[in-house]
Structure formats: structure tokens, C-alpha cells
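Here's a quick tour of one model, written to be read with the viewer open. We'll go from the ligand outwards to a few helices and then to the chain as a whole.

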Amino acid sequence: MKLDWSETDERFRGELLAFLEAKTPPEATRVDFPGNASGGDAIPAWLRAWQATLFDHGWMIPGYPPELGGRNCTPTQTMIYLEEFARRRIPRATHFPGYAIVAPSLLEFGNEQQRSLAPAAIRGDTVWCVGMSEPNAGSDLASLRTRAVRDGDVFVVNGQKVWTSYAMVAQQCFCYVRTDPDAPKHKGISLLIIDMDTPGIEVRPLTHITGHADFAEVFFTDVKVPVANLVGELNGGWALTQGSLAHERAGLWVDGVARLEQTVRDLVDLAKLVGRHDDSGVRRAIASMFEQASSLRSLGYKGFASYAQGSSAPEHSYMKMASSEAGKAAFELGMELLGPFGAATGAGSPTTLGDDTGRWVTSFYVSFANTIAGGSSEIQRNIIAQRVLGLPRA
Ligand SMILES: Cc1cc2nc3c(=O)[nH]c(=O)nc-3n(C[C@H](O)[C@H](O)[C@H](O)COP(=O)(O)OP(=O)(O)OC[C@H]3O[C@@H](n4cnc5c(N)ncnc54)[C@H](O)[C@@H]3O)c2cc1C
């Protein structure tokens with residue numbers, strides 16, 4: 001058994017590192033925690049330019065062909081790519097819906113005209129949002145009620161979405177609507193592409209506890225959407241919701257685990273900074289987090305091996321849940337170590353113990369969102385119980 005990268009893979013890594021050395025914008029290396037990338041601007045100009053550069057050089061989604069911002073690389077090389085980005089904490093883009101959810105779904109389920117929208121979504125030229133969640137349909141997405149009624153060549157859409165990431169800057173929405181209210185709830189849903197400047201759409205940004213507004217409520221009142229904007233079959237939208245979410249989950253663990261490993265290293269520095277490095281309780285807690293991060297990495301590789309060989313990787317449901325929960329515990333420990341100083345964020349404030357950007361408190365807040373977005377921890381546990389352990393539905 002050879003547990004090493006092949007020469008071709010190492011050559012691939014060398015090319016990637018040379019590219020990153022030459023082209024990474026200085027701002028990208030200063031994004032050291034979530035929420036810091038945008039500085040309050042939903043998509044800063046440097047990040048838009050960086051995404052386009054990655055696309056033009058075949059480094060945006062390396063497994064895709066060049067016309068889709070890639071270089072036809074193997075799954076193992078994609079893993080190398082994701083790890084090198086995560087290790088350096090370099091973001092590819094902040095507005096993930098377009099390249100990570102919409103483009104793969106359009107390529108899989110769209111007609112020719114709809115597939116032609118994918119390159120701009122991946123390059124970041126078009127900003128997309130995904131309209132799934134509603135006030136009474138989150139985990140139970142199939143309960144969504146936003147209604148689309150056909151009237152000649154258009155659907156007339158009425159209803160409300162919520163938690164719609166990037167809706168305030170998006171040009172297009174991948175919007176799930178109910179087209180048959182009489183069918184069983186999974187069978188009456190369709191997917192529409194809705195231009196966000198269509199009359200009747202109102203976007204109300206939601207500011208979260210960090211002070212940033214990355215998502216919004218979206219209201220639809222008699223919004224006319226061409227019938228040609230239907231993606232896939234009428235009333236066949238449920239299959240697409242499953243596809244969209246699968247795309248979202250496939251590569252998330254690498255980033256999650258790399259972030260956790262970095263946080264453990266930062267906790268060691270923080271414990272030294274506040275003089276708690278010889279406290280046995282603190283040492284035990286950090287060592288246990290190190291153990292968890294290492295186990296998760298090994299499990300991630302195992303899931304990746306199945307995925308690369310074309311099998312499903314149920315490990316990924318566990319990875320999403322475990323890495324986000326471990327992240328939450330790690331930032332909580334950071335807040336404990338900082339004590340009352342933990343909540344201070346003012347730049348240059350003498351009370352911030354050198355942590356003058358508010359890294360811990362912002363990451364602590366965001367760590368809660370990570371256990372909800374893309375499927376909450378409770379829902380992941382249900383999936384593990386039923387699909388991995390074979391337990392009956394509760
Ligand atoms: C940062 C962030 C970005 C997001 N971006 C988007 C986006 O771009 N587009 C979009 O459509 N949505 C988005 N969401 C919404 C997200 O998908 C939902 O928040 C999520 O699906 C949970 O739905 P909910 O908030 O309605 O909670 P609910 O489903 O009402 O759940 C409330 C609580 O009950 C638990 N629960 C629910 N059902 C069960 C069950 N069967 N068994 C056990 N426990 C259960 C949940 O785990 C949760 O703790 C985003 C959310 C976050 C945090």
C-alpha cells in the first residue's frame with residue numbers, strides 16, 4: 001500500500017502553489033475569520049476580481065473543463081486544491097450559491113439555454129441567491145407555500161422566502177415554488193429562475209448578531225416569471241432540491257476541518273496569551289479538540305475515497321454535523337479564556353488583548369449559524385440514525 005501522493009499529483013500541487021504565489025491578492029491572506037472577508041460589503045470588489053481570475057486560469061472549480069473555470073483534474077487533485085486553499089485560509093468567493101449550488105444544478109437538470117448560464121455563475125459575473133426556506137418551511141422544506149400559478153406564458157408568483165443569502169445583491173434567484181397545491185407536498189414543487197429586478201419583488205436585509213447582513217427576507221407579490229424559466233419538470237422540483245443540497249455538502253468538510261484545526265492552534269496561542277496554558281482543564285479541553293479534528297480529517301478521507309470511487313459517502317452527513325458542533329465548542333472555549341474581554345471588538349482597544357479585530361466573538365456567533373445552515377445538526381442526526389445506522393423513523 002502506498003500512502004502518498006503520486007508524482008502527477010505533486011506536479012499539480014506545484015502548479016497550484018506557483019499560481020497562488022503569483023496571483024493571490026493581499027486582501028485574501030487577511031481574511032482570517034468568517035465575517036471578516038466582506039468588511040460589511042456583501043461582495044467586495046477584490047473578491048469579485050479574484051473569483052474571475054481563478055476562473056480564467058482554470059482554478060475556480062478544477063474538476064470542471066476550462067470553459068467552466070476548471071482544468072479537468074481528478075477528484076484527488078480537487079482534494080489537494082481544497083486543502084491548499086483551506087490551509088492558507090484563502091477564500092475562493094463568498095457568494096457560494098452561484099458556483100456551489102446553482103451552476104452544478106443547472107448543468108445537471110437545465111435545458112441548453114439554462115446550462116449556458118452556468119459559466120457566469122461560476123465566474124461570479126452573475127450573483128445568484130437560492131430561495132428555499134420560508135417562515136414555515138426550513139428543515140421541513142417540502143411544506144413551502146410560495147405559490148406559482150400559470151397564466152399563459154408566465155407563472156404568477158406570490159409568497160415569501162427567508163434567510164436568503166445574498167438576496168440583496170443577487171441578479172437571479174433559484175426559487176422553489178408550489179405549482180400544485182393539491183398534490184402530496186413533495187410532488188407539487190417546481191424550480192423557477194427569477195430575475196431579481198422583476199416588478200413585485202421586495203428584499204429586506206436581515207442584520208444578524210455580528211452586525212453584518214448576509215441574508216434577507218424576500219417578498220413576492222404578483223411577480224410574473226416566463227414559463228421558459230422553469231428548470232426541470234413541472235412539479236418535479238423535489239428531485240432538484242436533493243441535487244442542490246448534495247452539491248453543497250460534497251466539499252464542505254475540507255474547509256470545516258481545516259478551520260477547526262486552525263482554531264485549535266489559535267486556542268493554544270490564546271491560552272499562552274492569557275496565562276492559562278498550564279491549567280490542566282484547559283490543556284485537556286484543547287487536546288480533546290485536537291483529537292476530534294484529527295479523527296474528523298481521517299473520516300473525511302474515508303468518505304472521500306468512497307465518493308471518488310463513485311459510491312455514496314454517508315460520512316459527509318456526520319462530518320458536517322461534527323465539525324460545526326466542534327467549531328462551536330472551540331470558539332466557546334476561546335470566549336471563556338478571554339473572559340469579559342471576549343466581547344470587546346473595537347480596533348486598537350486596550351481591552352482586546354491584542355485581538356483587536358474581534359476574531360473570537362465574531363467567530364463564536366457565526367459558529368452557531370454553521371450548525372443550522374445547509375441542514376441543522378438535529379436533521380443531520382436524523383439522517384445518520386436512519387440512513388447510516390438503519391434505525392426506524394422516530
Ligand atoms: C447562515 C445561514 C444562511 C442560510 N442561507 C440560506 C439560503 O441562502 N437560502 C435558503 O433557502 N435558506 C437559507 N438558510 C436557511 C436554512 O436552510 C434554515 O435555517 C434551516 O434549513 C433550518 O430551518 P429553520 O430555520 O426554518 O428552522 P426549523 O426547521 O424551524 O427548525 C427549528 C429547530 O427545530 C429543529 N428541528 C426541526 N425539525 C426537526 C426534526 N424533524 N427532528 C429534530 N429536530 C428538528 C431544528 O434542528 C432547529 O433546531 C440559511 C441559514 C443560515 C443560518
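## Around the ligand

Nineteen is the number to keep in mind here: of the 19 residues around the ligand, the ones that come nearest are Met-132, Gly-138, Ser-139, Ser-165 and Ser-376. Keep in mind that this is a predicted model. By type, the shell around the ligand splits into ten nonpolar residues, eight polar and one charged.

Where does the shell come from? Strand 1 (128–131), strand 3 (154–165) and helix 12 (377–388) each put in at least two residues. In terms of domains, domain 2 (128–235) and domain 3 (251–388) each give the shell at least three residues.

## Two helices side by side

Helix 1 and helix 2 make a handy pair, since the end-to-end distance can be checked against the expected rise of 1.5 Å a residue.

| Helix | Residues | Expected span | C-alpha end to end |
|---|---|---|---|
| Helix 1 | 7–23 (17 residues) | 24 Å | 24 Å |
| Helix 2 | 45–56 (twelve residues) | 16 Å | 17 Å |

The two values agree for helix 1, and they agree for helix 2 as well. As for burial, helix 1 is hardly covered, with a count of one buried residue among its 17.

In helix 2, the buried residues are Leu-47, Trp-50, Gln-51, Leu-54 and Phe-55. Looking down the axis of helix 2, you'll find these buried residues within an arc of 135°, so they line one face of the helix. The general background is simple: an α-helix has 3.6 residues a turn, so residues three or four places apart point the same way. On the other side of helix 2 sit Ala-45 and Asp-56, both exposed. Part of the cover over the buried residues of helix 2 is helix 6 (118–123). After helix 2 comes Gly-58, with a positive phi near 75°.

## A look at Ala-100

Is Ala-100 buried or exposed? Ala-100 has 23 other C-beta atoms within 10 Å, and 20 or more is the cut-off, so Ala-100 counts as buried. Ala-100 belongs to helix 4 (residues 96–109). In sequence, Ala-100 and Ile-122 are 22 residues apart, while their C-alpha atoms are 7.9 Å apart in space.

## The whole chain

Zooming out, the protein chain has twelve helices and eight strands. Of its 394 residues, 38% count as buried. Among contacts in the protein chain with a separation of 6 or more, 69% are between residues 24 or more positions apart.

Notes:
Residues numbered from 1 in each chain as written. Predicted model: local features only at pLDDT ≥ 70, side-chain atom pairs only at ≥ 80, totals over all residues. Helix = DSSP H or I, 4+ residues; strand = E, 2+ residues; numbered from the N terminus. Expected span 1.5 Å × (residues − 1). Buried ≥ 20, exposed ≤ 12 C-beta atoms within 10 Å, placed from the backbone. Arc of directions from axis to C-beta. Contact = placed C-beta atoms within 7 Å. Near = placed C-beta within 6 Å. Nonpolar A, V, L, I, M, F, W, Y, C, P; charged D, E, K, R; others polar. Domains from an automatic or database assignment.
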